[in-house]
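Hello,

Here is the structure I promised to pass on. Please open it beside this message; my notes follow below.

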Amino acid sequence: MRASRLISLVSLLQIRGTMTAAELARELEVSERTITRDVLALSAAGVPVYSERGRAGGYRLIEGHRSRLTGLHRAEAEALFLAGVPGPARDMGLSEAVAAARLKFSASLAPPFRDAPNRVGQRFHLDAPRWFREPETPPRLAEVARAVWGDLTIAAWYRRGEGEVRRELEPHGLVLKAGVWYLAARSGHRFLVYRVDRFTRVEVSEERFSRDETFDLPEFWERRAAEFARSLLTTRIVVRVTRPGLRKLQVVADRAALGEAVAGEPDEQGRTTVTLPVESLDVAYDQMLELGPEAEVLAPAALRERMAASAARLTDLYR
């Protein structure tokens with residue numbers, strides 16, 4: 001731990017030039033007394049660090065000194081790719097590795113380019129959770145992430161309905177979708193997807209598993225997400241849609257539903273009859289309300305009657 005802190009201290013001085021004991025202590029989350037001891041240890045080891053007195057004083061390295069202690073550890077190198085997503089990195093317990101990786105990477109850059117990480121950070125930011133929803137970190141996420149990084153098998157207890165099941169899993173990857181964490185794991189000979197917030201208990205073993213080298217996480221997730229979306233489309237409706245309604249339907253309906261939709265040729269009035277798969281009649285009702293007078297429900301009869309009743313209520317409301 002101390003060796004890592006000493007390297008970070010040298011890296012900070014390389015990047016920023018002069019720093020006070022208070023600034024270093026704040027960055028490294030230690031006391032000023034610890035910083036003083038660390039500087040003495042660095043000097044004894046031959047690192048040319050010295051102090052300057054006065055208002056603009058502090059610790060600094062001799063001009064031109066370049067430390068060779070900036071090599072990245074494996075975990076830090078991997079974590080560097082998460083530097084643009086600090087929230088998810090923090091949730092997976094990788095904040096310290098990401099911070100150290102960014103620091104070492106910055107220290108290795110030539111002086112004119114040392115502001116590159118800050119420039120990027122101030123121009124691009126990923127905010128993964130959905131609007132109007134307080135993000136919650138699954139309590140078992142850090143354990144699962146450790147197993148994913150280390151290729152370690154896990155025993156996981158998973159909520160299913162009113163009960164709980166136990167699974168022996170080989171965790172291959174994590175996916176953050178609209179603020180929800182999912183685990184892609186091999187169980188037996190199959191790859192399955194689990195919501196991490198439904199794990200009630202996780203035991204990470206020290207037994208490593210052999211990853212399937214043909215497994216491609218982005219491709220697997222895209223395929224499974226599409227399959228899942230299609231599996232929800234259990235009902236079909238028939239609607240007659242105007243040209244403006246057809247354009248709006250591209251926004252209202254799910255992408256998977258649009259992929260399965262069947263549209264006829266426009267009639268003389270420019271209206272198109274579309275057979276659209278939907279999750280349920282309740283979902284279809286909400287979607288058709290958004291289309292308003294640009295869509296007429298033809299089938300099923302129950303949905304058409306419900307839309308007619310809503311239209312009558314609106315007529316009474318605005319009469």
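A residue counts as buried here when its relative accessible area is under 20%. By that cut-off, 37% of the chain's 319 residues are buried. Please keep in mind that this is a predicted model.

First, the overall picture. The chain holds 13 helices and 11 strands. It exposes about 20,200 Å², and carbon and sulfur atoms supply 52% of that area. Take the contacts between residues at least 6 apart in sequence: 61% of them join residues at least 24 apart.

Next, the cores. Which residues touch the most other members of the largest nonpolar core? They are Val144, Ile154, Leu169, Leu174, Leu183, Val196 and Phe199, out of 21 residues in that core. Six elements each supply at least two residues of this core: α8 (141–150), β3 (152–160), β4 (163–177), β5 (180–187), β6 (190–195) and β7 (199–208). The largest share, five residues, comes from α8. Another core lies apart from this one. That second core has 20 residues, among them Leu233, Val239, Val274 and Leu303.

Ile154 deserves a look on screen. Leaving aside residues up to four places away in sequence, Ile154 touches Ala147, Leu169, Pro171, Leu183, Val202 and Val204, among others. Its contacts also include Arg167, Glu168 and Glu203.

Now α8 itself. Its buried residues are Leu141, Val144, Ala145, Ala147, Val148 and Gly150. Why would such a spacing suit a helix? An α-helix has 3.6 residues a turn, so residues three or four places apart point the same way. After α8 comes Asp151, with a positive phi near 55 degrees.

Last, the cavities. How many cavities of 30 Å³ or more are there? The count comes to one. The largest cavity has a volume of about 30 Å³. Leu233, Ala253, Asp254, Ala257, Pro277, Val278, Glu279, Val283 and Gln287 line it. Two elements give two or more residues to this lining: β10 (272–278) and α12 (281–291). By class, the lining has six nonpolar, one polar and two charged residues. Leu233 is worth selecting, as a residue of the 20-residue core that also lines the largest cavity.

Best wishes

Notes. Residues numbered from 1 in each chain as written. Predicted model: local features only at pLDDT ≥ 70, side-chain atom pairs only at ≥ 80, totals over all residues. Heavy atoms only, no water. Core = buried A, V, L, I, M, F, W, Y, C linked by side-chain atoms within 4.5 Å. Buried < 20%, exposed > 50% of the residue type's maximum accessible area, 1.4 Å probe, protein only. Helix = DSSP H or I, 4+ residues; strand = E, 2+ residues; numbered from the N terminus. Contact = heavy atoms within 4.5 Å. Areas by Shrake-Rupley, 256 points an atom, 1.4 Å probe, with all protein chains shown as cover. 1 Å grid on protein atoms, 1.4 Å probe; cavity = no way out; pocket = protein on both sides within 12 Å on 5 of 7 lines; lining within 4 Å. Points joined across faces, edges and corners; volume = space filled by probe spheres on them. Nonpolar A, V, L, I, M, F, W, Y, C, P; charged D, E, K, R; others polar.
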